[in-house]
Amino acid sequence: MFHLTLRKETPLIFKVSVPIASILLTILFGIFIFSVLGYDSGKALYHFFISPLSRIDRIADLFVKACPLMIVGTGLVLCFRANIWNIGAEGQLIMGAVFAGGLALSFPDTNSVWLLPAMAVLSFIGGGLWAFLPAILKVRLRTNEILVSLMLTYVASLFLDWLVRGPWRSPTSFGFPLTNYYPDAGLISKINFPGIGTIGQLHWGVFIAILVCLLCWFMMQKTVFGFQVKLVGDSHKAFRYSGFNESKTTMMLFIISGGLAGLAGMIEVSANIGQLQPNISFGYGFTAIIVAFLARLNPAAVILAGLLIALIEMGGDSAQIALAIPKVVTGVFKGILLFLLLAGETLTKYQINVKPRQRSVPND
Amino acid sequence: MIDALILTILMTSVPLVLAATGELVVERSGVLNLGLEGMMLMGAVSAFALTYATGSLFIGLLAGIISGAITAAIFGFFVLGLATNQVATGLALTIFGTGLSGLIGSEFVGKAITGLPTLFPKHFADIPFIGAFLSLDIVAYSSVIIVFLVWVFLFKTKTGLILRASGISQYSAHSLGYSVLKVRWCAVLFGGMMAGLSGAYLPLMLTPHWSEGMTSGRGWIALALVVFASWMPSRIIYGAILFGTITIMQLAGQARGWTIPPQFLSSLPYLATIFVLVVISSRGSAKYLAPSDLTQPFISSK
Amino acid sequence: MKPHSALLESRDISKSFGSFIANDKINFNILEGEIHGLLGENGAGKSTFVKMVYGLLEPTMGALFWNGNPIKIRGPQEARNFGIGMVFQHFSLFPTLTVIENIELALSDTQALPELRKTIIEKSQEFGISVDPDTYIRDLSVGEQQRVEILRCLLQNPKLLIMDEPTSVLTPQESEQLFVILNKLAATGCSVLFISHKLKEVKEITQRATILRRGRVVDTVTSSEVSTEQLAKMMVGSDPQHVKPKIGTKSNDILVQISGLCRPADTPFSTPLLDINLDVKAGEIVGIAGIAGNGQSELMEALTGEWRSRDSIKVLDVLGVDIRDYSPHKRRQMGIGFLPEERNGHSAVMGMTLTENTLLTNHNNPEVQKHSIIQNDNLEKLTSNIIHDYDVRTPLQNPLASSLSGGNLQKFVVGREIIKKPSVFFVAQPTWGVDIGATKFIRNALIDLANEGCGIIVISQDLEELFELADSISVLFRGKLSERKPVKELNSQKIGLLMGGEDVASLAKEHS
């Protein structure tokens, strides 16, 4: 049906308009779905897109919700750029939170200012370790990293479940699967603006998230390592010819993205929950995949992409409360958005002609 | 007692066999479908919804199959029509399918239906040991027949040969005049129907109700199963029974009051999958058995 | 001889892709039972024309006539229906399927397998092609695979068999076997269109030959009535320019010493290297000849460091240093330059810009990066130096590598390596797929480099190239290197024998 020919140059207009067009089309689909299901589309759109932006504290909360998406998303951008499919970010996030939580719960009476940085480091290690497993299997045995990292997600989730119901369950939780609260030194505080006070739930973790994105962007653009990442995704032979070590690079990228996911997990718990419970992530690891694609695999754009997806999530919450629209509809939107972004990728790389079996094509 | 165990294992294997066989055909043609989980959920919710609405299990099964095919058509449109990245598109399908099935299914949470009847008269089940094998429903028996038919198709027919060739070297197949895209479309649709049927089996037979995400990762295990079986239909059945057995151990263990934490037992299928993947890859033979052009999009202008 | 009638006639066939004219009014015909050569350099338009005959491309203008009737061929299936079969240069066989499965796929009518098996055995006996129907293609040699391809065509009883550069993957002896098959075929009344750029072959096997140059027909000649020099002139056009003279080996410093280099085969498709011994002096160019698939890429990877081993290499010294464990960029750092044969995706990345391609082998160059941060200005300066010094014609300031022509991109990558003034240089297929002007430029650059004292190893399938560049030549066959001989003691025939695996003893016999 469609005939695809490779474009020589991609017009810049495509690179910008594809994400925008995808978003608009997704909204259109949304209107359609809402109407079919009998909801008031206008009100639904309001709750989805306007309501979360209507007050300054809501906008702050948008950043808060985007925070884990930004951090995990950036890590995934690095991996996807290198054609490494780390699908297990969710599990790495959980393990990062578990490692950090372990430290916090071991020192319940401490006031040390070093607790939080130590938790951050430990969370990076925890997530990195969970990513190390699929990485080493891929590098040594060529095992498919998609399935391994995915299976490990389920294992991590079950592990956390066991911890909070078993050995780490708080004696004061009345049988509920919760750990003790972290000591204050292990919590991430809200940002206190001089003269204004705190805005919504805005916490320091958001600042770190934006910093991480910008650092990654700088690294991709200006460093040899960034060049390495782009190269390994493009051509293995050229990569080896250039003198880089494929195994080392693959492992490093996996561990970095796992570590970042772990960091995101620690921040989520320390900033928003304060203790461990069976559900600390709400599919952030998978949603971050969409964020990475929406950002067209550019770390700086992950900031915007994360905010946009967070908007959909917050909108979903708001719409559920106000109009009883089931929360799962956000999955439908996210799926459609990803489909459209992928189609847009094809459009930028290839020229599409709807012609019946045409064969005049230049050969090499 | 052991009969009940065998029966449960066999029944648990059925959705895995169906989904994995469909995926095997898809992958043999050169396409990787990571959207299995989403397709199965769409099949599950459609089957439940229509059975509840019409009271007919048959219509429910049909609905499952058709919705699997429709979901597969969406996947095919992107992956085959627009040559989008197969991994990402599959994930999008899973997220979409999970969300849409949850949306449609929200109406039906808490409702109940009666499951599929057994094919043979009930008192056959009383026969020691063999009784378990005779207490299955029609879908379960059909799954074995389907596996056999797929084997015959792939290795004894010319069309099956063409399909295999498309997965090995798509451009060679194209230069011989075969339409790689057509072959892949048929494979993808077949895979979708099987995924839909597999999903339908869950609410119609295994646990007669609907809940969000009720496939619980079976789609992913089915994907692993295809690799485990080295893309050979006969081995799918062995693998599925193995996985079914492991899944059951968790329930059996809890019932017997084993002190092993239930979460560990629940994690066994996933750990087993990883183990199997490692064993297969380390043998190195996977290279020669895997369809070499798997995940390569077919661009007709090349 | 009774007069044969024209089987296929091409009248004014033309093909353009946008503004590029690949074929311009091609007029010639092929007679029944004739072996007709289609001669031309890379890019002359042979492949394009043949693709139109086989239905893979549609002519922009002109018409084809079959037995006097105008026809339109809309696809390979239709071509086969007419009785046109084609054996491509790059086989379209399925490695993990058997011979009989491969043949079954190529046939449009579905014969029952036992019948098919019988037919295969009959046909293969008729033409002297021996092959076991149940072997997997991946277990066959290249020559055997080609015979499967031919058999595949023969089973469809073709009237015209097109062969695209068939001897490019064969030894001289295998080529002789092929010619026997083709002559038998022609005797049965089947015509053969034999595409080649090898002059001697064309004279040997064809009755007539059509020469293409730059998309146009130069002439159609009777092969027995024309000399190879005349054919060369028609193929190339103007007199080939002389390559710069070499000053000759200056010093006796041994820059590269290789001894006992062995490399086990990684895959069933790769060639193991068996006890390679070689050394290179300053100012010397050592040529390594051989048909593709005899270990060239494996050897190149061992030289560049893309494959490394301590155990299976006795000695690998460059400039007196044991480099067995050195990675490619460490070898570069010591002054070793290297350029593999593939541009696309190996020595250059098509989807990246020229400056990024410069970075490919300069990423530890202290001017271009400081503490891993890329110094863009210096990188750009280096890139423009390369472009300027090596005559690279680029459409834009910093284009993508994919927008350069093959010749220009090759000049760029050669320049990128030579501009570093390496002490030792390893290069494979330096002018493959490159137009005449760029070829001369690159070969001159290599000779200049040697004259300045660099020791060079050139691996090439082009004997003409090796005779131009090298002081001495060694032949690689099935992973073994023949004894090195100075160029003056060799000619194509001797090298041909070595490429075919004849041992040194028979050569020695010739001399005595």
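What follows is a conversation about two interfaces and one sheet in a predicted model.

Modeller: A word on conventions: the model is predicted, so local features need pLDDT of at least 70 and side-chain atom pairs pLDDT 80 or more, while totals for chains, interfaces and linings use all residues. Residues are numbered from 1 along each chain as its sequence is written, chains are lettered from A and ligands numbered from 1 in the order in which they are written, and side-chain values use heavy atoms, without hydrogens and water.

Biologist: Thanks! What makes C:Glu342 and A:Lys237 a salt bridge?

Modeller: The rule asks for a side-chain nitrogen of Lys or Arg within 4 Å of a carboxyl oxygen of Asp or Glu. In this pair the N to O distance is 2.9 Å, so the rule is met. The count between chain C and chain A is two salt bridges.

Biologist: How do you know which residues of chain C and chain A are in contact, and how many are there?

Modeller: Contact means heavy atoms within 4.5 Å. By that test, 39 residues of chain C touch 24 residues of chain A. Together the two chains bury about 2600 Å², 55% of it on carbon and sulfur atoms; buried area is the accessible area (1.4 Å probe) that two parts lose on being put together, summed over both.

Biologist: And what are the corresponding values for chain B and chain A?

Modeller: Here 46 residues of chain B are in contact with 46 residues of chain A. The buried area is about 4000 Å², with 83% on carbon and sulfur atoms. The salt-bridge rule finds zero pairs across this interface.

Biologist: Which helix gives the largest share of the side of chain B that touches chain A?

Modeller: Helix 4 of chain B, with 12 residues. Helices here are DSSP runs of H or I with at least four residues, and strands are runs of E with at least two, numbered from the N terminus.

Biologist: Now the sheet in chain C: why are strand 14 and strand 15 called a pair?

Modeller: Two strands pair if DSSP finds at least two bridges between them. Strand 14 (residues 313-318) and strand 15 of chain C have two bridges, in the antiparallel sense, so they qualify. C:Val318 has C:Val321 in strand 15 as its bridge partner.

Biologist: What makes strand 15 of chain C an edge strand?

Modeller: Strand 15 (321-322) of chain C pairs on one side only, as does strand 12 (273-281). The open sheet has four strands in the order 12-11-14-15, with antiparallel pairing.
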